[in-house]
Amino acid sequence: MEKPESAAAAAADHLYDKSFIQPSMEKFEPDFIEDNKKVGSLSTSLVSNGCVDFRGKVANKETTGGWKASPFIIVNEVAERLAFFAIAVNMVAYLVFEMRQSLPNAATHVTDWIGAAYVLTLFGAFLADAYLGRFKTIIIFSCVYAVGMVLLTVSASVDSLRPPPCTARPCNKATDGQTWFLYAALGLIALGTGGIKPCVSSFGADQFDEADKDELLKKFSFFNWFFFGINMGALLGITLLVYIQDNKGWTWGFGIPTVVMVCSIVILAAGIPKYRYQKPMGSPFTRFIQVIVVSLRNHSRGVEVGGGAVLHEVKTKESDILGARKLPHTTQYRFLDKAAVVTDLEDNQKTRWRLCTVTQVEEFKCFVRVLPIWASTIALSISFAQLSTFFISQAALTNRKLGPNFVIPAGSVPLFSAINALIFVPIYEKWMVPILRRRTGHHRGITSLQRMGVGLFISIFALASAALVEKKRRDHYSKPFSMSVFWLLPQFFLIGAAEVFTYVGQLEFFYDEATDGTRSISSAMFLSEIGIGSWLSTALVKIIESATGGETKGWLRGTLNKSKLDYFYWILTAINALNFLVYLWVSRRYKGRNGTGISVREGEEVEN
């Protein structure tokens with residue numbers, strides 16, 4: 001692939017060659033200067049991050065990327081989130097009333113499904129970084145998602161795929177065939193989510209060249225508006241579509257997001273000429289294993305770092321990882337540097353399983369470096385899991401009437417959280433960031449780590465508020481539907497605010513700290529937190545239920561009025577508070593990708 005610099009140089013050389021055969025240089029000097037200006041303009045208009053256009057040429061900033069391409073990507077995310085939330089918030093009701101599952105089993109199945117969808121992002125990210133590239137992965141898995149939506153709609157509309165109407169107790173439960181048809185549809189949707197989610201934010205960020213200061217600021221703005229799009233899709237899913245499901249039936253409730261998803265694929269494909277594409281760079285996990293293996297082998301042979309040790313790097317401008325830029329050496333995790341120590345200067349049969357480059361080692365260091373931050377934010381995902389479970393259970397027992405003729409569906413109450421994000425993101429982007437930027441001097445106003453910390457801090461008060469409101473509801477409003485649903489507004493508002501700060505901070509942090517070859521994997525890391533948080537929430541419920549006396553005598557019983565749900569919320573409050581302290585300790589000790597190192601020897605390119 002032709003580099004921008006080499007293109008400019010070749011064009012300039014061509015102009016000089018022409019001047020030597022002219023009888024007079026002065027006569028053609030204006031044309032010569034004008035041509036040189038065009039060459040310089042071409043050089044500065046090309047991206048410097050290795051992205052190409054759909055023809056495979058170096059991407060031009062004037063015709064590709066930026067906000068010319070980003071809206072297509074955001075539309076796809078809005079459609080995927082609309083469909084996902086329309087299913088997630090009401091699937092428990094579908095399993096209970098249509099498939100005749102018990103409430104505990106239905107809740108567990110939905111939680112496990114949500115967890116699987118987000119953990120599968122690691123698989124989607126692996127395919128994107130190693131083989132397919134981000135755009136192809138998004139397109140392919142969007143189609144998988146759409147097929148799953150079609151099957152889900154068929155399951156809801158064909159009578160033979162559901163139990164017959166219940167006319168006498170006990171009601172007939174779904175057959176194994178009916179259940180597995182539904183699970184196949186949900187499985188395809190989870191797989192589609194796993195492929196789309198880790199790639200779409202990174203693919204959007206790829207549309208902005210970090211070496212261009214103007215585009216760099218636009219990239220940070222993209223992350224905020226991308227999160228705005230997520231919440232717009234969620235808002236439509238949990239309001240309009242949940243209302244349609246409750247009042248028009250499940251066929252319409254699942255059929256509409258199916259059509260929206262198919263349309264979003266067409267819209268995403270329409271932006272092909274506008275996008276900038278990063279080529280897949282091989283499996284990062286293979287490179288990680290190579291660094292570990294070579295480090296351990298050299299350690300067992302007594303190899304030391306420092307004291308004149310020379311580290312291996314290739315001569316070329318780019319690294320030997322296809323399409324990836326070289327990374328500077330850092331002194332953190334020096335044990336891993338042993339993988340790049342040159343032990344035999346005469347050895348010309350080098351492979352990555354015997355000698356790694358500095359860039360390969362630093363790539364693995366970047367991955368290891370973010371793991372403590374990743375681990376110290378998982379607890380917040382446990383709190384987020386309550387949005388689709390116990391928060392909705394509380395809402396179901398409140399007075400949700402708006403006027404004499406309209407009742408807010410219980411599954412739509414999380415709109416309080418989504419509205420918060422829709423209101424707060426524009427305010428933060430347009431007013432707070434400029435104010436904070438003037439006070440802190442930081443181009444984002446506050447750093448991504450600080451932003452995540454603010455979200456973790458707010459989450460403490462979100463769960464404390466939930467505990468206080470639930471205590472008041474149980475003690476003073478034990479009669480169903482006597483307490484206004486707006487008493488739940490503080491906990492929804494605060495958990496939404498926590499999500500605004502933490503989620504966008506994670507988007508920024510994991511993208512910035514990733515290397516060229518690990519962008520999608522890095523995005524999948526923080527998305528997997530949501531899945532792990534869902535599974536941990538299920539485990540925590542089971543532990544508390546077992547430790548406090550089970551469903552009949554424990555804190556969490558079949559009837560909410562007889563439960564001690566506020567005690568459960570106080571435990572989550574304590575977990576969030578402890579997690580916040582751990583995060584402060586970890587983030588204060590975090591060192592980014594910048595650093596200085598010992599001498600690096602440029603040698604021959606390492607073969608695979």
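Me: Contact means heavy atoms within 4.5 Å. In this predicted model, which residues in α17 do C366, V370, I373 and W374 in α12 meet?

Reply: Helix α12 covers residues 358–375, and helix α17 covers residues 489–513. The axes of these two helices come within 10 Å. On the α17 side, the residues that meet the four from α12 are F509, F510 and E513.

Me: How are α12 and α17 oriented to each other, roughly parallel or roughly antiparallel?

Reply: The axes of α12 and α17 cross at roughly 160°. Angles over 145 degrees count as roughly antiparallel. The handedness is a separate matter: α12 passes α17 in a right-handed crossing. By the angle, α12 and α17 are therefore roughly antiparallel.

Me: How many helices and strands does the secondary structure of the protein chain come to?

Reply: The protein chain has 608 residues, and 53% of them count as buried. Among the helices are α12 and α17, and one of the strands is β1, residues 311–314. The secondary structure of the chain comes to 20 helices and 4 strands.

Me: What share of the contacts in the protein chain with a separation of 6 or more is between residues 24 or more positions apart?

Reply: One example of distant positions brought together in space is L127 and S520, which are 393 residues apart along the chain but have C-alpha atoms separated by 9.1 Å. For the chain as a whole, contacts with a separation of 6 or more are taken, and the part from residues 24 or more positions apart is 82%.

Me: Which helix gives the largest share of the largest nonpolar core?

Reply: This core has 145 residues, and those with the most contacts inside it are I87, M91, W113, L152, F568 and Y569. One helix contributes 12 residues, the largest share, and that helix is α17.

Me: How many residues are in the other core, the one with L46, V47, C51 and A59 among them?

Reply: In the core of 145 residues, Y569 is one of those with the most contacts. Leaving out residues up to four places away in sequence, Y569 touches F390, F391, Q394, L463, A466, A467 and E470. Apart from that core lies another, and the number of residues in it is 5.

Me: Does N76 count as buried or exposed?

Reply: N76 has its place in helix α3, residues 70–88. Beyond residues up to four places away in sequence, N76 touches I138, S142, I196, V200, M261, S264 and L268. Its relative accessibility is 0%, and buried means under 20%. N76 therefore counts as buried.

Me: At what angle do α3 and α9 pack?

Reply: Helix α9 covers residues 213–248, and α3 passes α9 in a right-handed crossing. Residues in α3 that include I74, V78, L82 and F85 meet residues in α9 that include F222, W225, F226 and I230. The axes of the two helices are 7 Å apart, and the packing angle is about 35°.

Me: How far apart in space are V200 and R134, C-alpha to C-alpha?

Reply: V200 lies in helix α8, residues 176–205, and is buried with a relative accessible area of 1%. Leaving aside neighbours within four places in sequence, V200 is in contact with I73, N76, E77, I138 and F226. V200 and R134 are 66 residues apart in sequence, while the distance between their C-alpha atoms is 7.4 Å.

Me: Which residues does L127 touch, not counting residues up to four places away in sequence?

Reply: L127 lies in helix α6, residues 121–132. At 17% relative accessibility, L127 counts as buried. With residues up to four places away set aside, L127 touches L132, G133, T137 and F141.

Me: What is the value near which phi of Y333 lies?

Reply: Most residues other than glycine have a negative phi. R100, in the loop between α4 and α5, has a positive phi near 65° and is buried at 16% relative accessible area. Y333 is in the loop between β1 and α12 and is partly exposed at 30%. Phi of Y333 is also positive, near 55°.

Methods: Residues numbered from 1 in each chain as written. Predicted model: local features only at pLDDT ≥ 70, side-chain atom pairs only at ≥ 80, totals over all residues. Heavy atoms only, no water. Buried < 20%, exposed > 50% of the residue type's maximum accessible area, 1.4 Å probe, protein only. Core = buried A, V, L, I, M, F, W, Y, C linked by side-chain atoms within 4.5 Å. Axes fitted to C-alpha atoms, helices over the stretch in contact; angles between N-to-C directions. Parallel < 35°, antiparallel > 145°, perpendicular 65-115°, else oblique. Left-handed = near helix turned anticlockwise from the far one by under 90°.
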